[in-house]
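Colleague: I would like to learn how to read the features of a structure, one at a time. Could you give me the general idea for each, and then the case before us?

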Amino acid sequence: MPIKAVVWGENVHEQTNAAVRDLYPKGMHGTIAAALNQDKGIEATTATLQEPEHGLSEKRLAATEVLLWWGHAAHGEVRDEIVERVQRRVWEGMGLIVLHSGHYSKIFKRLMGTPCSLKWREAGERERVWAINRGHPIAQGIGECLEIGETEMYGEPFAVPEPMETVFVSWYEGGEVFRSGLTYQRGAGRIFYFSPGHETYPIYHNEGVQQVLRNAVHWARNPAPAWSGITNAPNVPTHAAKETIVQKGLRLHADGDKGLS
């Protein structure tokens, strides 16, 4: 069965900026989904900010194995209850791929627990994306680096937690460097952050970038059943212990009590 992926885009610049609309007439989300669907092992659909529940209903998220997230101008318009819904699904095992300025999205900052701030410059400069972890599944088919002719510079320091793995590091024409491909895990869910993707440049038409995204979807998928009880904190009474034990000492809680938050 193909991996069920959803490409979420805020779909704002495509409607308000003619240059973006010319580059991505189907929206960035549509372009990314089309690139993913070139892989017979992936079935990608789209969702946008403007849809009811931002296109991310409980039912749809429950059926989503990997969610890709692109946001920039409207991070604050994403409803908190939807962010919490996505966060829970990541904890349960849904993969999450955060793209470009999605580093400042509510969901990424919440999962990272840090400001996720960085330096930036919009000058159309050249970017070389070095695959410093050549054996990683996300880097397969890329070679030693990707060349992106025009891009927005993202520079260190990048205020994120130390990742599980750094897959890519980018160099920019102006001299800055940036950890542009990072992996994390939160609960049962795998997370990949990938920085190339500014909306005024044709970055999502780049074949190498498209290959990275396809690779990332395969890497992020968790085939195990959803860990639906991950947020539970059950009280295990003495009589239900795996081995026979005797209750000793004072007790604050009675059997069956809920945990204190």
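**Reading the model, step by step**

Modeller: Let us begin with a helix, where helices (H or I, at least four residues) and strands (E, at least two) are DSSP runs numbered from the N terminus. The expected span of a helix is 1.5 Å times one less than its number of residues. Helix 7 (residues 207-220) has 14 residues and should therefore span 20 Å, which agrees with the 20 Å between its end C-alpha atoms.

Colleague: Before we go on, what kind of model is this, and how are its residues numbered?

Modeller: This is a predicted model, in which local features need pLDDT of at least 70 and side-chain atom pairs count only at pLDDT 80 or more, while totals for chains, interfaces and linings use all residues. Residues are numbered from 1 along each chain as its sequence is written, and side-chain values use heavy atoms, with hydrogens and water left out.

Colleague: How many of the residues of helix 7 are buried?

Modeller: Buried means under 20% relative accessible area, exposed means over 50%, and partly exposed lies in between, using a 1.4 Å probe and protein chains only. In helix 7, 11 of the 14 residues are buried, so this helix is largely enclosed by the rest of the structure; among them are Val209, Leu213, Val217 and Trp219. Over the chain, buried residues make up 48% of the 261 residues.

Colleague: How many helices and strands does the chain have, and what does the UniProt annotation cover?

Modeller: The chain has 7 helices and 9 strands, and its C-alpha atoms fill a box of roughly 70 × 40 × 35 Å, taken along the principal axes. The unreviewed UniProt entry carries the annotation "domain: ThuA-like" for residues 5-220; UniProt positions are given in the numbering used here, feature names are shortened, and annotations may be inferred rather than shown by experiment. Over residues 5-220 the chain is 27% helix and 32% strand, and the end C-alpha atoms are 10 Å apart.

Colleague: Now to strands: which strands are joined to strand 4 by bridges?

Modeller: Two strands pair if DSSP finds at least two bridges between them. Strand 3 (residues 66-70) runs parallel to strand 4 and is joined to it by 5 bridges, with Trp70 having Leu99 as its bridge partner and Leu67 having Leu96. Strand 4 is also joined to strand 9 (residues 189-194) by 4 bridges, again in parallel, and here Ile97 stands opposite Phe192. Strand 3 in turn pairs with strand 1 in the parallel sense over 5 bridges, where Trp8 has Trp69 as its partner.

Colleague: Are the faces of strand 4 covered or open?

Modeller: Both faces are covered, since Gly95, Ile97 and Leu99 on one side and Leu96 and Val98 on the other are all buried. Strand 3 reads in a similar way, with Val66, Leu68 and Trp70 buried on one side and Leu67 and Trp69 buried on the other.

Colleague: Which helix makes a β-α-β unit with strand 3 and strand 4?

Modeller: A crossover is right-handed if, with the strands pointing away from the viewer, the path from the first strand over the helix to the second runs clockwise. Strand 3, helix 5 (residues 80-92) and strand 4 make such a right-handed unit.

Colleague: How many aromatic pairs does the structure hold?

Modeller: Rings of Phe, Tyr and Trp (its six-membered ring) pair if their centres lie within 6.5 Å; planes under 30 degrees apart count as stacked, over 60 as edge-to-face and the rest as tilted. The structure holds 8 aromatic pairs. One of them is Tyr154 with Phe178, which is edge-to-face at 5.7 Å centre to centre and 75° between the planes. Tyr154 lies in strand 6 (residues 145-155) and Phe178 in strand 8 (residues 177-186), so the pair ties together parts that are 24 residues apart in sequence. Tyr154 is buried at 4% relative accessibility, and Phe178 is buried at 1%. Together with Phe108, Phe158 and Tyr193, these two residues form one aromatic cluster.

Colleague: Finally, which backbone details should I look for in the loops?

Modeller: The peptide bond from Glu156 to Pro157 is cis, with omega near 5°, and Pro157 is found in the loop between strand 6 and strand 7. His100, in the loop between strand 4 and helix 6, has a positive phi near 45° although it is a residue other than glycine.
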